[in-house]
Amino acid sequence: MNEAAVQQQAPTAAGNSTGLVAYVLSLADDSLVLGHRLSEWSGHGPTLEEDIALSNLALDLIGQARLYYAYAGEIEGKGRDEDALAYLRDEHAYLNLLLLEQPNGDFAATMLRHVLYAAFQHPYLEALSASADAQLAAMAAKASKEMAYHLRHAAEWVIRLGDGTEESHARARLALGDLWMYTGEMFEMDAAEPALAAAGIAVDRASIKPRWQATIDRVLQQATLQRPPEGWMQRGGRAGRHTEHLGHLLAEMQVLHRAHPGARW
Amino acid sequence: MSAKPTNAGSTATEASDASMARVRAIVAAVVDPEIPVLTLEDLGILRGIERQDDQIVVTLTPTYIGCPATSAIRLAVEAALAEAGLTQTRVVTQLSPAWSTDEISEAGRRKLRAFGIAPPQAAAPYGALFKDAEVVCPRCGSTETVKISEFGSTACKAQWRCRACAEPFDYFKCI
(Lines give C-alpha, C1' and ligand atoms only; values in the text may rest on other atoms or scores of the structure.)
Protein backbone atom coordinates (compact mmCIF):
# COMPACT_ATOMS: atom_id res chain seq x y z
CA MET A 1 0.00 0.00 0.00
CA ASN A 2 2.91 2.43 0.13
CA GLU A 3 2.56 5.61 -1.80
CA ALA A 4 3.71 9.19 -1.55
CA ALA A 5 1.63 11.37 0.70
CA VAL A 6 -1.38 13.17 -0.64
CA GLN A 7 -0.84 16.87 -0.76
CA GLN A 8 -2.23 18.68 2.23
CA GLN A 9 -5.01 21.00 1.00
CA ALA A 10 -5.24 23.27 4.02
CA PRO A 11 -4.86 23.04 7.78
CA THR A 12 -7.43 20.74 9.32
CA ALA A 13 -10.29 22.37 11.13
CA ALA A 14 -10.02 20.35 14.31
CA GLY A 15 -6.32 19.85 14.74
CA ASN A 16 -5.29 16.82 16.78
CA SER A 17 -8.55 15.58 18.11
CA THR A 18 -9.10 11.96 19.00
CA GLY A 19 -12.74 12.36 18.00
CA LEU A 20 -11.70 13.30 14.51
CA VAL A 21 -9.25 10.39 14.29
CA ALA A 22 -11.98 7.93 15.30
CA TYR A 23 -14.38 9.51 12.84
CA VAL A 24 -11.96 9.25 9.92
CA LEU A 25 -11.11 5.69 10.97
CA SER A 26 -14.78 4.75 10.87
CA LEU A 27 -14.97 6.04 7.29
CA ALA A 28 -11.83 4.09 6.45
CA ASP A 29 -12.98 0.87 8.12
CA ASP A 30 -16.35 1.00 6.35
CA SER A 31 -14.63 1.30 3.00
CA LEU A 32 -11.96 -1.31 3.63
CA VAL A 33 -14.23 -3.97 5.13
CA LEU A 34 -16.78 -3.71 2.33
CA GLY A 35 -14.00 -3.45 -0.25
CA HIS A 36 -12.42 -6.61 1.11
CA ARG A 37 -15.73 -8.43 1.12
CA LEU A 38 -16.27 -7.53 -2.53
CA SER A 39 -12.74 -8.59 -3.43
CA GLU A 40 -13.69 -12.09 -2.24
CA TRP A 41 -15.85 -12.27 -5.37
CA SER A 42 -12.85 -11.89 -7.70
CA GLY A 43 -12.81 -14.99 -9.85
CA HIS A 44 -16.18 -16.14 -8.48
CA GLY A 45 -18.61 -13.69 -10.09
CA PRO A 46 -21.78 -15.07 -11.66
CA THR A 47 -20.68 -13.83 -15.09
CA LEU A 48 -17.43 -12.43 -16.41
CA GLU A 49 -18.86 -8.91 -16.65
CA GLU A 50 -20.10 -9.06 -13.10
CA ASP A 51 -16.83 -10.48 -11.84
CA ILE A 52 -15.10 -7.45 -13.32
CA ALA A 53 -17.73 -5.11 -11.90
CA LEU A 54 -17.41 -6.52 -8.38
CA SER A 55 -13.63 -6.17 -8.52
CA ASN A 56 -14.02 -2.59 -9.72
CA LEU A 57 -16.34 -1.80 -6.83
CA ALA A 58 -13.80 -3.32 -4.46
CA LEU A 59 -11.02 -1.28 -6.03
CA ASP A 60 -12.90 1.98 -5.55
CA LEU A 61 -13.59 1.24 -1.91
CA ILE A 62 -10.07 0.09 -1.07
CA GLY A 63 -8.72 3.19 -2.81
CA GLN A 64 -11.00 5.38 -0.70
CA ALA A 65 -9.97 3.50 2.45
CA ARG A 66 -6.30 4.19 1.75
CA LEU A 67 -6.89 7.93 1.63
CA TYR A 68 -8.89 7.91 4.86
CA TYR A 69 -6.30 5.77 6.65
CA ALA A 70 -3.42 7.96 5.52
CA TYR A 71 -5.30 11.01 6.78
CA ALA A 72 -6.27 9.36 10.08
CA GLY A 73 -2.63 8.42 10.66
CA GLU A 74 -1.52 11.94 9.88
CA ILE A 75 -3.92 13.65 12.31
CA GLU A 76 -3.29 11.01 14.95
CA GLY A 77 0.40 11.89 14.75
CA LYS A 78 1.73 8.65 16.19
CA GLY A 79 3.50 7.55 13.07
CA ARG A 80 0.92 4.94 12.06
CA ASP A 81 0.61 4.76 8.29
CA GLU A 82 -2.21 3.22 6.23
CA ASP A 83 -0.68 -0.26 6.51
CA ALA A 84 -0.37 -0.09 10.28
CA LEU A 85 -3.98 1.02 10.60
CA ALA A 86 -5.37 -1.56 8.19
CA TYR A 87 -3.26 -4.56 9.12
CA LEU A 88 -2.26 -4.12 12.73
CA ARG A 89 -5.50 -3.31 14.49
CA ASP A 90 -7.59 -6.05 16.06
CA GLU A 91 -11.27 -6.65 15.62
CA HIS A 92 -12.31 -4.51 18.60
CA ALA A 93 -10.43 -1.53 17.25
CA TYR A 94 -12.36 -1.67 13.96
CA LEU A 95 -15.23 0.81 13.82
CA ASN A 96 -17.08 -0.28 10.68
CA LEU A 97 -20.80 -0.85 10.35
CA LEU A 98 -21.97 -4.39 11.06
CA LEU A 99 -23.81 -4.40 7.73
CA LEU A 100 -20.57 -4.22 5.79
CA GLU A 101 -18.83 -7.18 7.45
CA GLN A 102 -21.72 -9.56 6.76
CA PRO A 103 -20.67 -12.46 4.53
CA ASN A 104 -21.27 -12.14 0.81
CA GLY A 105 -23.85 -14.91 0.78
CA ASP A 106 -25.24 -15.33 -2.71
CA PHE A 107 -25.13 -12.64 -5.38
CA ALA A 108 -28.52 -11.30 -4.27
CA ALA A 109 -27.26 -10.81 -0.71
CA THR A 110 -24.16 -8.99 -1.96
CA MET A 111 -26.22 -6.66 -4.13
CA LEU A 112 -28.80 -6.00 -1.40
CA ARG A 113 -26.05 -5.19 1.10
CA HIS A 114 -24.50 -2.89 -1.46
CA VAL A 115 -27.64 -0.99 -2.34
CA LEU A 116 -28.55 -0.51 1.34
CA TYR A 117 -25.12 1.01 1.96
CA ALA A 118 -24.61 2.96 -1.29
CA ALA A 119 -28.06 4.58 -1.00
CA PHE A 120 -26.77 6.04 2.27
CA GLN A 121 -23.13 6.63 1.45
CA HIS A 122 -23.67 8.49 -1.81
CA PRO A 123 -25.76 11.33 -0.31
CA TYR A 124 -23.66 11.21 2.86
CA LEU A 125 -20.44 11.83 0.96
CA GLU A 126 -22.12 14.54 -1.08
CA ALA A 127 -22.96 16.31 2.16
CA LEU A 128 -19.48 15.67 3.56
CA SER A 129 -17.92 17.31 0.52
CA ALA A 130 -18.97 20.61 2.13
CA SER A 131 -17.03 19.76 5.31
CA ALA A 132 -15.15 22.51 7.12
CA ASP A 133 -12.20 20.11 7.08
CA ALA A 134 -10.70 20.74 3.66
CA GLN A 135 -9.03 17.36 3.43
CA LEU A 136 -12.21 15.47 4.29
CA ALA A 137 -14.18 17.62 1.87
CA ALA A 138 -11.77 16.83 -0.96
CA MET A 139 -11.85 13.09 -0.29
CA ALA A 140 -15.63 13.02 0.01
CA ALA A 141 -16.15 15.02 -3.19
CA LYS A 142 -14.02 12.53 -5.06
CA ALA A 143 -15.52 9.42 -3.47
CA SER A 144 -19.15 10.52 -3.87
CA LYS A 145 -18.77 10.52 -7.64
CA GLU A 146 -17.64 6.91 -7.48
CA MET A 147 -20.43 5.93 -5.09
CA ALA A 148 -23.02 7.20 -7.57
CA TYR A 149 -22.02 4.35 -9.86
CA HIS A 150 -22.09 1.86 -7.01
CA LEU A 151 -25.63 2.85 -6.16
CA ARG A 152 -26.78 2.65 -9.73
CA HIS A 153 -25.17 -0.70 -10.36
CA ALA A 154 -26.46 -2.34 -7.19
CA ALA A 155 -29.93 -0.83 -7.64
CA GLU A 156 -30.22 -2.15 -11.17
CA TRP A 157 -29.33 -5.63 -10.00
CA VAL A 158 -31.71 -5.58 -7.05
CA ILE A 159 -34.52 -4.54 -9.40
CA ARG A 160 -33.60 -7.27 -11.88
CA LEU A 161 -33.37 -9.94 -9.19
CA GLY A 162 -36.45 -8.90 -7.27
CA ASP A 163 -38.54 -8.53 -10.40
CA GLY A 164 -36.95 -11.59 -11.99
CA THR A 165 -37.67 -15.26 -11.59
CA GLU A 166 -39.35 -16.90 -8.65
CA GLU A 167 -35.95 -18.08 -7.48
CA SER A 168 -34.20 -14.72 -7.77
CA HIS A 169 -37.12 -12.95 -6.10
CA ALA A 170 -37.08 -15.40 -3.19
CA ARG A 171 -33.33 -14.95 -2.71
CA ALA A 172 -33.54 -11.17 -2.87
CA ARG A 173 -36.41 -11.16 -0.35
CA LEU A 174 -34.50 -13.43 2.01
CA ALA A 175 -31.36 -11.26 1.80
CA LEU A 176 -33.33 -8.09 2.45
CA GLY A 177 -34.92 -9.65 5.51
CA ASP A 178 -31.57 -10.85 6.84
CA LEU A 179 -29.77 -7.54 6.35
CA TRP A 180 -32.49 -5.14 7.41
CA MET A 181 -31.65 -5.18 11.12
CA TYR A 182 -28.18 -3.81 10.31
CA THR A 183 -29.46 -0.69 8.53
CA GLY A 184 -30.34 1.33 11.65
CA GLU A 185 -26.70 1.70 12.61
CA MET A 186 -26.00 3.82 9.53
CA PHE A 187 -27.96 6.73 11.00
CA GLU A 188 -26.35 6.71 14.43
CA MET A 189 -23.39 8.78 15.50
CA ASP A 190 -20.73 7.85 18.03
CA ALA A 191 -20.12 9.97 21.14
CA ALA A 192 -17.73 12.43 19.52
CA GLU A 193 -19.53 12.80 16.20
CA PRO A 194 -22.27 15.29 17.16
CA ALA A 195 -19.60 17.83 18.14
CA LEU A 196 -17.84 17.28 14.83
CA ALA A 197 -21.13 17.69 12.98
CA ALA A 198 -21.91 20.86 14.92
CA ALA A 199 -18.51 22.21 13.88
CA GLY A 200 -19.37 21.49 10.24
CA ILE A 201 -16.68 18.80 9.97
CA ALA A 202 -18.86 15.69 10.03
CA VAL A 203 -22.44 15.31 8.81
CA ASP A 204 -25.46 14.49 10.94
CA ARG A 205 -26.10 10.92 9.84
CA ALA A 206 -29.78 11.03 10.73
CA SER A 207 -30.27 13.90 8.29
CA ILE A 208 -29.49 11.51 5.43
CA LYS A 209 -32.31 9.14 6.31
CA PRO A 210 -35.10 10.74 4.23
CA ARG A 211 -33.01 10.54 1.06
CA TRP A 212 -31.95 6.99 1.85
CA GLN A 213 -35.52 5.97 2.51
CA ALA A 214 -36.74 7.54 -0.74
CA THR A 215 -34.07 5.75 -2.80
CA ILE A 216 -34.62 2.42 -1.09
CA ASP A 217 -38.40 2.68 -1.45
CA ARG A 218 -38.07 3.44 -5.14
CA VAL A 219 -35.70 0.54 -5.75
CA LEU A 220 -37.71 -1.95 -3.69
CA GLN A 221 -40.94 -0.92 -5.36
CA GLN A 222 -39.47 -1.52 -8.81
CA ALA A 223 -38.00 -4.76 -7.54
CA THR A 224 -41.44 -5.85 -6.26
CA LEU A 225 -39.91 -6.29 -2.82
CA GLN A 226 -41.52 -5.14 0.39
CA ARG A 227 -39.64 -2.93 2.77
CA PRO A 228 -39.41 -4.77 6.10
CA PRO A 229 -40.93 -3.01 9.13
CA GLU A 230 -38.53 -0.74 11.08
CA GLY A 231 -38.23 -3.21 13.95
CA TRP A 232 -35.35 -3.77 16.32
CA MET A 233 -31.97 -2.73 15.00
CA GLN A 234 -28.61 -4.36 15.64
CA ARG A 235 -25.77 -2.03 16.64
CA GLY A 236 -22.23 -2.01 18.04
CA GLY A 237 -19.88 -1.75 15.08
CA ARG A 238 -18.98 1.87 15.78
CA ALA A 239 -18.00 0.84 19.30
CA GLY A 240 -15.90 -2.12 18.14
CA ARG A 241 -18.48 -4.77 19.05
CA HIS A 242 -18.75 -6.88 15.95
CA THR A 243 -20.53 -9.92 14.64
CA GLU A 244 -18.50 -13.11 14.49
CA HIS A 245 -17.75 -12.49 10.82
CA LEU A 246 -15.30 -9.60 11.14
CA GLY A 247 -12.66 -11.63 12.98
CA HIS A 248 -12.53 -14.16 10.17
CA LEU A 249 -12.32 -11.42 7.56
CA LEU A 250 -9.45 -9.71 9.38
CA ALA A 251 -7.62 -12.98 9.93
CA GLU A 252 -7.54 -13.56 6.20
CA MET A 253 -6.77 -9.97 5.31
CA GLN A 254 -4.06 -9.38 7.90
CA VAL A 255 -2.23 -12.71 8.11
CA LEU A 256 0.38 -12.01 5.48
CA HIS A 257 1.32 -8.61 6.81
CA ARG A 258 1.50 -9.89 10.37
CA ALA A 259 3.50 -13.00 9.48
CA HIS A 260 5.93 -11.05 7.32
CA PRO A 261 6.05 -7.48 8.65
CA GLY A 262 7.03 -5.00 5.98
CA ALA A 263 6.74 -7.57 3.18
CA ARG A 264 6.90 -6.04 -0.31
CA TRP A 265 6.44 -7.42 -3.79
CA MET B 1 1.73 29.80 -17.99
CA SER B 2 3.59 33.00 -17.15
CA ALA B 3 3.93 35.65 -19.80
CA LYS B 4 7.24 35.99 -21.58
CA PRO B 5 9.42 38.56 -19.81
CA THR B 6 10.07 41.55 -22.03
CA ASN B 7 12.69 43.64 -20.30
CA ALA B 8 16.26 43.12 -21.36
CA GLY B 9 17.61 42.43 -17.91
CA SER B 10 15.75 39.16 -17.42
CA THR B 11 17.77 36.71 -19.44
CA ALA B 12 18.08 34.32 -16.54
CA THR B 13 14.31 34.26 -15.97
CA GLU B 14 13.78 33.82 -19.66
CA ALA B 15 16.12 30.88 -19.79
CA SER B 16 14.42 29.37 -16.77
CA ASP B 17 10.97 29.93 -18.33
CA ALA B 18 12.14 28.23 -21.49
CA SER B 19 13.50 25.26 -19.58
CA MET B 20 10.31 24.99 -17.51
CA ALA B 21 8.31 24.94 -20.73
CA ARG B 22 10.50 22.09 -21.89
CA VAL B 23 10.00 20.25 -18.60
CA ARG B 24 6.28 20.77 -18.84
CA ALA B 25 6.25 19.38 -22.37
CA ILE B 26 8.06 16.25 -21.17
CA VAL B 27 5.53 15.65 -18.40
CA ALA B 28 2.50 16.53 -20.52
CA ALA B 29 3.54 13.94 -23.12
CA VAL B 30 3.64 11.03 -20.66
CA VAL B 31 0.93 8.55 -21.64
CA ASP B 32 -1.64 6.71 -19.56
CA PRO B 33 -0.41 3.10 -19.22
CA GLU B 34 -3.92 1.70 -19.63
CA ILE B 35 -5.09 3.95 -22.47
CA PRO B 36 -1.78 4.56 -24.22
CA VAL B 37 -3.22 6.96 -26.80
CA LEU B 38 -3.93 9.55 -24.13
CA THR B 39 -1.29 11.83 -22.68
CA LEU B 40 -1.57 13.42 -19.25
CA GLU B 41 -2.39 16.64 -21.09
CA ASP B 42 -5.25 14.95 -22.97
CA LEU B 43 -6.61 13.44 -19.75
CA GLY B 44 -6.43 16.75 -17.95
CA ILE B 45 -4.86 15.29 -14.83
CA LEU B 46 -1.75 17.51 -14.86
CA ARG B 47 -2.63 20.17 -12.33
CA GLY B 48 0.66 21.99 -12.07
CA ILE B 49 4.38 21.92 -12.50
CA GLU B 50 6.81 24.23 -10.81
CA ARG B 51 10.33 24.62 -9.59
CA GLN B 52 10.78 24.73 -5.84
CA ASP B 53 14.42 25.52 -5.10
CA ASP B 54 16.29 22.79 -6.99
CA GLN B 55 13.34 20.49 -7.26
CA ILE B 56 10.74 20.02 -9.99
CA VAL B 57 7.33 19.49 -8.36
CA VAL B 58 4.65 17.92 -10.53
CA THR B 59 1.05 17.99 -9.27
CA LEU B 60 -1.33 15.34 -10.57
CA THR B 61 -4.94 14.56 -9.74
CA PRO B 62 -6.27 10.98 -9.82
CA THR B 63 -9.06 9.94 -12.18
CA TYR B 64 -10.45 7.30 -9.81
CA ILE B 65 -9.10 7.07 -6.27
CA GLY B 66 -8.32 3.37 -6.48
CA CYS B 67 -7.07 3.40 -10.06
CA PRO B 68 -3.84 1.36 -10.17
CA ALA B 69 -2.64 3.47 -13.10
CA THR B 70 -2.13 6.38 -10.73
CA SER B 71 1.07 4.98 -9.26
CA ALA B 72 2.21 3.78 -12.69
CA ILE B 73 1.72 7.32 -14.02
CA ARG B 74 3.67 8.72 -11.10
CA LEU B 75 6.58 6.42 -11.93
CA ALA B 76 6.32 7.22 -15.64
CA VAL B 77 6.56 10.94 -14.89
CA GLU B 78 9.63 10.42 -12.73
CA ALA B 79 11.19 8.19 -15.38
CA ALA B 80 10.54 10.68 -18.19
CA LEU B 81 12.11 13.48 -16.18
CA ALA B 82 15.07 11.31 -15.21
CA GLU B 83 15.63 10.50 -18.87
CA ALA B 84 15.92 14.23 -19.50
CA GLY B 85 18.54 14.41 -16.76
CA LEU B 86 16.20 15.74 -14.09
CA THR B 87 16.42 13.64 -10.98
CA GLN B 88 15.46 16.18 -8.33
CA THR B 89 11.75 15.64 -8.79
CA ARG B 90 8.68 15.11 -6.68
CA VAL B 91 5.17 14.10 -7.73
CA VAL B 92 2.33 15.18 -5.47
CA THR B 93 -1.34 14.25 -5.62
CA GLN B 94 -4.07 16.85 -5.42
CA LEU B 95 -7.65 15.74 -4.85
CA SER B 96 -9.52 18.99 -4.95
CA PRO B 97 -11.19 20.01 -7.15
CA ALA B 98 -12.08 16.44 -8.04
CA TRP B 99 -11.23 15.43 -11.58
CA SER B 100 -14.08 15.20 -14.02
CA THR B 101 -14.26 13.63 -17.46
CA ASP B 102 -15.08 17.16 -18.68
CA GLU B 103 -11.35 17.81 -18.31
CA ILE B 104 -10.50 15.43 -21.14
CA SER B 105 -9.46 17.64 -24.05
CA GLU B 106 -11.09 17.71 -27.48
CA ALA B 107 -7.95 16.10 -28.89
CA GLY B 108 -8.24 13.43 -26.20
CA ARG B 109 -11.84 12.70 -27.17
CA ARG B 110 -10.88 12.33 -30.83
CA LYS B 111 -8.04 9.98 -29.90
CA LEU B 112 -10.33 7.88 -27.71
CA ARG B 113 -12.84 7.49 -30.52
CA ALA B 114 -10.11 6.53 -32.99
CA PHE B 115 -8.85 3.99 -30.46
CA GLY B 116 -12.29 2.39 -30.26
CA ILE B 117 -13.40 3.87 -26.95
CA ALA B 118 -16.53 6.02 -26.89
CA PRO B 119 -15.57 9.30 -25.21
CA PRO B 120 -17.55 10.52 -22.19
CA GLN B 121 -20.52 12.80 -22.69
CA ALA B 122 -19.87 16.43 -21.87
CA ALA B 123 -21.05 17.92 -18.57
CA ALA B 124 -21.01 14.75 -16.49
CA PRO B 125 -24.64 14.05 -15.49
CA TYR B 126 -23.60 11.38 -13.01
CA GLY B 127 -26.46 12.17 -10.67
CA ALA B 128 -28.94 10.95 -13.24
CA LEU B 129 -29.64 7.60 -11.67
CA PHE B 130 -31.43 4.96 -13.66
CA LYS B 131 -30.99 6.88 -16.86
CA ASP B 132 -28.28 6.17 -19.37
CA ALA B 133 -26.74 8.71 -21.65
CA GLU B 134 -26.92 8.21 -25.40
CA VAL B 135 -23.62 6.64 -26.31
CA VAL B 136 -22.38 6.73 -29.90
CA CYS B 137 -20.64 3.63 -31.24
CA PRO B 138 -16.99 4.57 -31.86
CA ARG B 139 -16.83 2.15 -34.79
CA CYS B 140 -19.89 2.89 -36.90
CA GLY B 141 -21.33 6.04 -35.34
CA SER B 142 -24.71 4.49 -34.56
CA THR B 143 -26.66 5.54 -31.48
CA GLU B 144 -28.38 2.14 -31.38
CA THR B 145 -26.21 1.06 -28.48
CA VAL B 146 -26.88 -0.80 -25.26
CA LYS B 147 -25.01 -1.06 -21.99
CA ILE B 148 -23.64 -4.49 -21.11
CA SER B 149 -22.08 -3.57 -17.77
CA GLU B 150 -21.46 -0.41 -15.80
CA PHE B 151 -17.91 -1.56 -15.07
CA GLY B 152 -15.32 -2.49 -17.65
CA SER B 153 -11.68 -3.38 -18.05
CA THR B 154 -10.61 -0.36 -16.00
CA ALA B 155 -12.30 1.73 -13.32
CA CYS B 156 -13.07 4.50 -15.80
CA LYS B 157 -14.84 2.43 -18.46
CA ALA B 158 -18.16 0.67 -18.97
CA GLN B 159 -18.90 -2.09 -21.46
CA TRP B 160 -21.36 -1.34 -24.24
CA ARG B 161 -22.51 -3.04 -27.42
CA CYS B 162 -23.63 -1.60 -30.73
CA ARG B 163 -26.82 -3.01 -32.17
CA ALA B 164 -26.07 -1.67 -35.64
CA CYS B 165 -22.61 -3.17 -36.19
CA ALA B 166 -22.93 -5.76 -33.40
CA GLU B 167 -19.51 -4.91 -31.98
CA PRO B 168 -18.85 -4.56 -28.25
CA PHE B 169 -16.92 -1.47 -27.21
CA ASP B 170 -15.66 0.43 -24.17
CA TYR B 171 -17.33 3.63 -23.05
CA PHE B 172 -15.34 6.11 -20.99
CA LYS B 173 -17.96 6.89 -18.39
CA CYS B 174 -18.75 10.33 -17.05
CA ILE B 175 -17.57 11.17 -13.61
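How many bridges join strand β4 of chain B to β7(B), and do the two run parallel or antiparallel? Strand β4 (residues 117-118) of chain B is joined to β7(B) by 2 bridges, and the pair runs parallel. The legends below walk through this predicted model, beginning with chain A and ending back at that strand pair.

**Figure 1. Chain A is built from helices, with 10 of them and 0 strands.** Following the sequence from start to end, you will read the pattern α-α-α-α-α-α-α-α-α-α. The C-alpha atoms of chain A fill a box of roughly 55 × 45 × 30 Å along the principal axes.

**Figure 2. The radius of gyration of chain A agrees with that of a compact globule.** Chain A has a value of 18 Å, and a compact globule of 265 residues would come out near 18 Å, so the two agree. Of the 265 residues in chain A, 48% are buried. If you like contact maps, here is a handy number: among the contacts in chain A with a separation of 6 or more, 76% link residues 24 or more positions apart.

**Figure 3. Chains A and B meet in a contact that takes 27 residues from chain A and 24 residues from chain B.** On the side of chain B that touches chain A, β3 (89-93) and β5 (145-149) each supply at least two residues. The largest share of that side comes from β3(B), with 3 residues. Sorted by character, the chain B side divides into 13 nonpolar, 10 polar and 1 charged.

**Figure 4. Strand β7 (residues 168-172) of chain B is largely enclosed by the rest of the structure.** The reason is easy to follow: 4 of the 5 residues of β7(B) are buried, so the strand is largely enclosed.

**Figure 5. Strand β6 (residues 157-162) of chain B runs antiparallel to β7(B).** Here 5 bridges join the two strands. One bridge to look for pairs Arg161(B) with Pro168(B), the latter in β7(B). Together β6(B) and β7(B) form a hairpin, with 5 residues between them. In the turn, do look out for Ala166(B), which has a positive phi of about 70 degrees.

**Figure 6. Strand β4 of chain B pairs with β7(B) in parallel.** This view returns to the opening question. Within the pair, Ile117(B) stands opposite Asp170(B) in β7(B). Strand β7(B) is thus seen with two partners, joined to β4(B) by 2 bridges and to β6(B) by 5 bridges.

How values were computed: Residues numbered from 1 in each chain as written. Chains lettered and ligands numbered in written order. Predicted model: local features only at pLDDT ≥ 70, side-chain atom pairs only at ≥ 80, totals over all residues. Rg over C-alpha atoms; globule rule 2.2 N^0.38 Å. Buried ≥ 20, exposed ≤ 12 C-beta atoms within 10 Å, placed from the backbone. Contact = placed C-beta atoms within 7 Å. Nonpolar A, V, L, I, M, F, W, Y, C, P; charged D, E, K, R; others polar. Pairing = 2+ DSSP bridges.
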